[in-house]
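Hi,

Here is the structure I said I would send over. Have a look when you get a minute, and my notes are underneath.

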Amino acid sequence: MTTELHQGPLEAVSTIAKAKPSWREQRRIRRRRRIWFEEILGWILVPIIVIGCYWAFELTMNALGTSTSALIDGARLILHAL
């Protein structure tokens, strides 16, 4: 039994070549990338859309000759009259 022991230096084990991922793994990777992309895109686009809507509202109010504060004061006046 002692004659079967390996007394020399250890040999490196051959590395197993990484197999091509299956179609399910590829789909999972694509989904993960898409989710990250959509999340980053959302963090960029949502503030731009909100600011753009605010500017559009302000420009519309200016074009009509009024302001947001005047509109709010008018709504308060109507609510107090009820």
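Below is what I found in it, starting with the overall picture and then going through the surface.

Before anything else, keep in mind that this is a predicted model. The fold is simple to describe: there are two helices and zero strands. Of the 82 residues in the protein, just 1% are buried. The accessible surface adds up to about 8,400 Å², and carbon and sulfur atoms account for 67% of that.

Now for the charges. The structure has one salt bridge, and the partners are the side chains of Glu-38 and Arg-34, at 3.9 Å from N to O. That distance qualifies because the cut-off for a salt bridge is 4 Å. Both residues sit in helix 1, which covers residues 23-63, and they are four residues apart, or about one turn of the helix. As general background, side chains of opposite charge can pair when their charged atoms come close.

Are the two partners buried or exposed? Neither, as it turns out: Glu-38 is partly exposed at 47% relative accessibility, and Arg-34 is partly exposed too, at 44%. Those labels apply because partly exposed runs between the 20% limit for buried and the 50% limit for exposed.

There is also a positive patch on the surface, and its members are Arg-24, Arg-27, Arg-30 and Arg-31. Take Arg-31 as an example: this residue is in helix 1, and its relative accessible area of 43% makes it partly exposed. Arg-31 could join a patch because the threshold there is over 30% relative accessible area.

Then the nonpolar side. Which residues form the nonpolar patch on the surface? They are Trp-36, Phe-37, Ile-40, Leu-41, Ile-44, Leu-45, Ile-48 and Ile-49, and together they have about 840 Å² of accessible area. One of them, Ile-44, is placed in helix 1. With a relative accessible area of 48%, Ile-44 counts as partly exposed.

So if you open the model, I would start at helix 1, where you will find the Glu-38 and Arg-34 pair, along with Arg-31 and Ile-44.

Cheers

How values were computed. Residues numbered from 1 in each chain as written. Predicted model: local features only at pLDDT ≥ 70, side-chain atom pairs only at ≥ 80, totals over all residues. Heavy atoms only, no water. Buried < 20%, exposed > 50% of the residue type's maximum accessible area, 1.4 Å probe, protein only. Patch = residues over 30% accessible without salt bridge, like charges linked within 9 Å, V, L, I, M, F, W, Y side chains within 5 Å. Areas by Shrake-Rupley, 256 points an atom, 1.4 Å probe, with all protein chains shown as cover. Lys, Arg positive; Asp, Glu negative; His and termini not counted. Charge placed at Lys NZ, Arg CZ, Asp CG, Glu CD.
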